[in-house]
Amino acid sequence: MKIVGLYEYLPIEAEESFLDLTTETPKASGHDLLVQIQAISVNPVDTKLRAPKSTVEETPRILGWDAVGIVTEIGDAVELFQVGDTVYYAGDVTRPGSYAEFQLVDEHLVGAKPANLSLEEAAAMPLTLITAWEALFDRIRIDPDADAGKSLLIINGSGGVGSIATQLAAWAGLEVITTASRDETITWSKQQGATHVINHREPLLPQLKALGFDGVDFILCLHNTDAYWDAMQEIILPQGHICSIVELQNPVSMSLIKDKSVTVSYEFMFTRSKYNTPDKVRQHDILTKATQLFEAGFLKSTLNQTLTPINATTIKEAHRILESGKSIGKLVVKGFDQDDRKTN
């Protein structure tokens, strides 16, 4: 099968940062599905895992953790899917990724593709959708019935996770405030359902007060936790909840967190698959529920740009775009080309 792989972890401008290669097509067993990839999404986690370091792989590493495709083979323990099903998923960071013609993925991490979304629109969603869903409903534990009307601040609302988190929070009945600093990101964030948008390059609390907020009930931090830590302590209301997807790099003061009895948690969407937790089927359930919400019109894809085909040149371009720090929504790469490939 054709793959886009790497042996060395190089700057994206390097000629061999990604290579067009071929390798053996894997076989499905146990709870695995073998999926023929039709489209993939490229995420910031891809660029972080490719970041330059001295490691050299003996066999090519395949990145990529978003895909939509057709199930072509199932393991003997599979119960949730059949050959011929079209599925979408974010997969498992400990296994070969989706920059490949075929990929093995545990059925418990997979959902049926929403019928009303194109291949590109569906491929854009799994990783950011699961991240946002887990952050809001599993970590912060927002209850749409009990918490309707409460306030949520999303720092970096126009990125992939922020865009779908805004939609999910609005669906759950929250008053959603996002941050953005450019005209195009402000417009995009409002299109996702933000009630208010404030500028993350300026002090946050005065902007919130100008909107009539003395603080917020919940905060979802999607960018540079260190930079916003003090502001978040100040903004969060007593007994509120802060969730971040970005690890702290330096020691921080927790005095206001303690004084306000605030809960702080992290979200990493690969936790369930990486540690094979007993509840990893939760990701199948999340994608299944999301499919219902897409098909009912409550959610929409956050796709903003599509590149083609899936090859080393295009993947390099996708990584360059993400590393610019100015991407909005999601970036998808669709379809393999028919060029001859190097064999590893």
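Let me begin with the lining of the largest cavity in this predicted model, whose residues divide into three nonpolar, two polar and three charged. The residues in question are G91, D92, R95, P96, Q103, L104, V105 and D106, and the space they enclose has a volume of about 30 Å³. When the whole structure is searched for cavities of 30 Å³ or more, one is found.

From there I would like to turn to the second largest pocket, which holds about 290 Å³ of space. Its lining is made up of 19 residues, and those that lie nearest the centre of the pocket are M1, I62, R95, P96 and G97. You will notice that R95 and P96 appear in the lining of the largest cavity and again in that of the second largest pocket. Two strands, β4, at residues 53–61, and β7, at residues 102–106, each supply at least two residues of this pocket lining. Sorted by class, the pocket lining comprises ten nonpolar, six polar and three charged residues.

As for the annotation, an unreviewed UniProt entry records "domain: Enoyl reductase (ER)" over residues 14–333. In the model, that span is 31% helix and 27% strand, and the C-alpha atoms at its two ends lie 20 Å apart.

Now to a pair of helices. How two packed helices sit together is described by the angle between their axes and the distance between those axes. For helix α3, residues 126–139, and helix α4, residues 160–171, the angle is about 50° and the axes are 8 Å apart. An angle of 35 to 65 degrees falls between the roughly parallel and the roughly perpendicular ranges, and α3 and α4 are therefore oblique to each other. As to hand, the crossing of α3 and α4 is right-handed.

I will finish with two points of backbone geometry, and as background, most residues other than glycine have a negative phi, while most peptide bonds are trans. What is the phi of N156 near? The phi of N156 is near 80°, which is a positive value in a residue other than glycine, and N156 is placed in the loop between β9, residues 151–155, and α4. The second point concerns the peptide bond from T308 to P309, which is cis, with omega near -5°. The proline of that bond, P309, is found in the loop that runs between β15, residues 303–307, and α11, residues 312–323.

Notes:
Residues numbered from 1 in each chain as written. Predicted model: local features only at pLDDT ≥ 70, side-chain atom pairs only at ≥ 80, totals over all residues. Heavy atoms only, no water. 1 Å grid on protein atoms, 1.4 Å probe; cavity = no way out; pocket = protein on both sides within 12 Å on 5 of 7 lines; lining within 4 Å. Points joined across faces, edges and corners; volume = space filled by probe spheres on them. Nonpolar A, V, L, I, M, F, W, Y, C, P; charged D, E, K, R; others polar. UniProt positions renumbered as here; feature names shortened; annotations may be inferred. Helix = DSSP H or I, 4+ residues; strand = E, 2+ residues; numbered from the N terminus. Axes fitted to C-alpha atoms, helices over the stretch in contact; angles between N-to-C directions. Parallel < 35°, antiparallel > 145°, perpendicular 65-115°, else oblique. Left-handed = near helix turned anticlockwise from the far one by under 90°.
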